[in-house]
Amino acid sequence: MQLSTFLYRNGILPPRPSPRASVVTRKQSKSESDSVGAPIKIRVVLSRPLRVKAGQYINLWIPSVSLWSWVQTHPFMVTSWAPVEQDILELFVQTRHGLTKRLHALAALEGSASFSTFITGPHGSSEPVSQYESVLVIASDFGIAGTVSYIKQLVYRYNTTTSQVLRVHLVWQVQTLDIAIAAQPFLNSLLDEDIPDDDTSHARERETSGKRRRQHVLEMSFYLQSKEDKKNEKLFGKHNRATVHRGMPNYEEIISAEVSGDHIAKLSSTREERGEMLIMGEYIVMRNPYPR
């Protein structure tokens, strides 16, 4: 069964073009040898559409990069998400040793490179998140790769009124500016997808009928640890919902502010019952009801 799934998923039987991985990273010369920790983005064009739930990962085999790739599997979190099957999967990866170091070395010569690949998956479980009123997402460095698909799902379900969520706050502690710059496109995309009601008669009608007008649901706070030039402080300046801070986040204050519910707009005409709050991160999922 596993073999037949592998053959089908990778376009071997019945035959189709095999999946292809496009690797993008910052262009650099051969003399810049220290690549460990550098961010790389991988875009996998699939042979056949694949349904991937938030929080799941795939394994990549890229034999043209390393002969050992035939006997080794390399798990990567999928950062893209869709309510239907996906034709293309997005990955955000930290360069380590072995396969990722080799991929970075090949892609860094021109800034990008493309390889035939084989995949297995998706693997792993997906946490249910749509029933919470407020979701605080905590990540550090490349741990953000495991949270982006959840945020994308939450924003989509908010826009389509298929969840209870009214607020999503991402707190991202990042060591270097390179990581933040590499993540900028998909983080800005998340903010772009967060669409409030405009000032139309339909929106006003919702409000007068006791229904909540859609506000922006997503906020991002980035805490930069490096002492690089502060002129990059407005890295995400096109959105006033994404702020960059220097130093360590004060998690006690952040959690207390979220628990208070002050960031969620209230309906003036009704008495609302408070929903529950979810705190999720790279290794933790905490379900905490608001104090009553």
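# Briefing: fold, cores, pocket and local geometry

Among contacts between residues at least 6 apart in sequence, 71% join residues at least 24 apart. This is a predicted model. The chain has 292 residues, and 46% of them are buried. Its secondary structure comprises 6 helices and 13 strands.

**Confidence**

- Mean pLDDT for the chain is 85. A value of 70 or more is reached by 79% of the residues.
- The stretch 199-206 has pLDDT below 50. In the model, this stretch makes 11 contacts beyond near neighbours in sequence.

**Nonpolar cores**

- In general, nonpolar side chains of soluble globular proteins tend to be buried together.
- The largest nonpolar core holds 42 residues. The members that touch the most other members are Phe92, Leu170, Trp172, Leu187, Leu218 and Met220.
- Three helices or strands from the middle of the list of contributors are β9 (167-174), α4 (177-193) and β10 (218-224), each giving two or more residues to this core. Others that do so include β8 (134-140), α3 (148-159), β11 (242-246) and β12 (276-281).
- Helix α4 gives the most to this core, with 9 residues.
- This core lies between domain 1 (1-123) and domain 2 (134-196 + 214-263 + 274-287), because both domains give residues to it.
- Apart from this core lies another one, of 23 residues. Its members include Ile40, Val52, Leu99 and Phe115.

**Two leucines and their contacts**

- Leu170 belongs to the largest core. Leaving out residues up to four places away in sequence, Leu170 touches Val137, Ile144, Ile151, Leu187, Glu219, Met220, Ser221 and Phe222.
- Two of these partners, Leu187 and Met220, are also among the core members that touch the most others.
- Leu89 sits in strand β5 (residues 86-94). With a relative accessibility of 0%, Leu89 is buried.
- Beyond neighbours within four places in sequence, Leu89 contacts Ile42, Arg43, Val44, Leu46, Leu50, Val52, Ile58, Val78 and Ser80.
- Leu46, one of these partners, is 43 residues from Leu89 in sequence. Their C-alpha atoms are 7.6 Å apart.

**Second largest pocket**

- The second largest pocket has a volume of about 380 Å³.
- It is lined by 21 residues. Arg26, Ala38, Pro39, Asp178 and Ile179 are the closest of them to the pocket centre.
- Strand β2 (39-50) and helix α4 are the elements that give two or more residues to this lining.
- Helix α4 supplies the largest share of the lining, 4 residues. The same helix, α4, also gives the most to the largest nonpolar core.

**Buried polar residues**

- Glu258 lies in helix α6 (residues 251-260). Its relative accessible area is 3%, under the 20% cut-off, so Glu258 counts as buried.
- Glu258 and Arg167 are 91 residues apart in sequence. From C-alpha to C-alpha they are 9.1 Å apart.
- Asn10 is placed in the loop between α1 (2-9) and β1 (20-24). Asn10 is buried too, with a relative accessible area of 1%.
- Setting aside neighbours within four places in sequence, Asn10 contacts Ser18, Pro19, Ser47, Thr117, Phe118 and Ile119.
- Asn10 and Arg20 are separated by 10 residues in sequence and by 9.8 Å, C-alpha to C-alpha.

**Backbone exceptions**

- Most residues other than glycine have a negative phi, and most peptide bonds are trans.
- Leu13 and Pro14 are joined by a cis peptide bond, with omega about -15°. Pro14 is in the loop between α1 and β1.
- Gly121 and Pro122 are also joined by a cis peptide bond, with omega about 10°. Pro122 is in strand β7 (residues 118-123).
- Asp141 is not a glycine, yet its phi is positive, about 45°. Asp141 is in the loop between β8 and α3.
- Thr161 also has a positive phi, near 50°. Thr161 is in the loop between α3 and β9.
- Is Thr161 buried or exposed? Thr161 is exposed, because its relative accessible area of 55% is over the 50% cut-off.

Methods. Residues numbered from 1 in each chain as written. Predicted model: local features only at pLDDT ≥ 70, side-chain atom pairs only at ≥ 80, totals over all residues. Heavy atoms only, no water. Core = buried A, V, L, I, M, F, W, Y, C linked by side-chain atoms within 4.5 Å. Buried < 20%, exposed > 50% of the residue type's maximum accessible area, 1.4 Å probe, protein only. Domains from an automatic or database assignment. Contact = heavy atoms within 4.5 Å. pLDDT = per-residue confidence, 0-100. 1 Å grid on protein atoms, 1.4 Å probe; cavity = no way out; pocket = protein on both sides within 12 Å on 5 of 7 lines; lining within 4 Å. Points joined across faces, edges and corners; volume = space filled by probe spheres on them.
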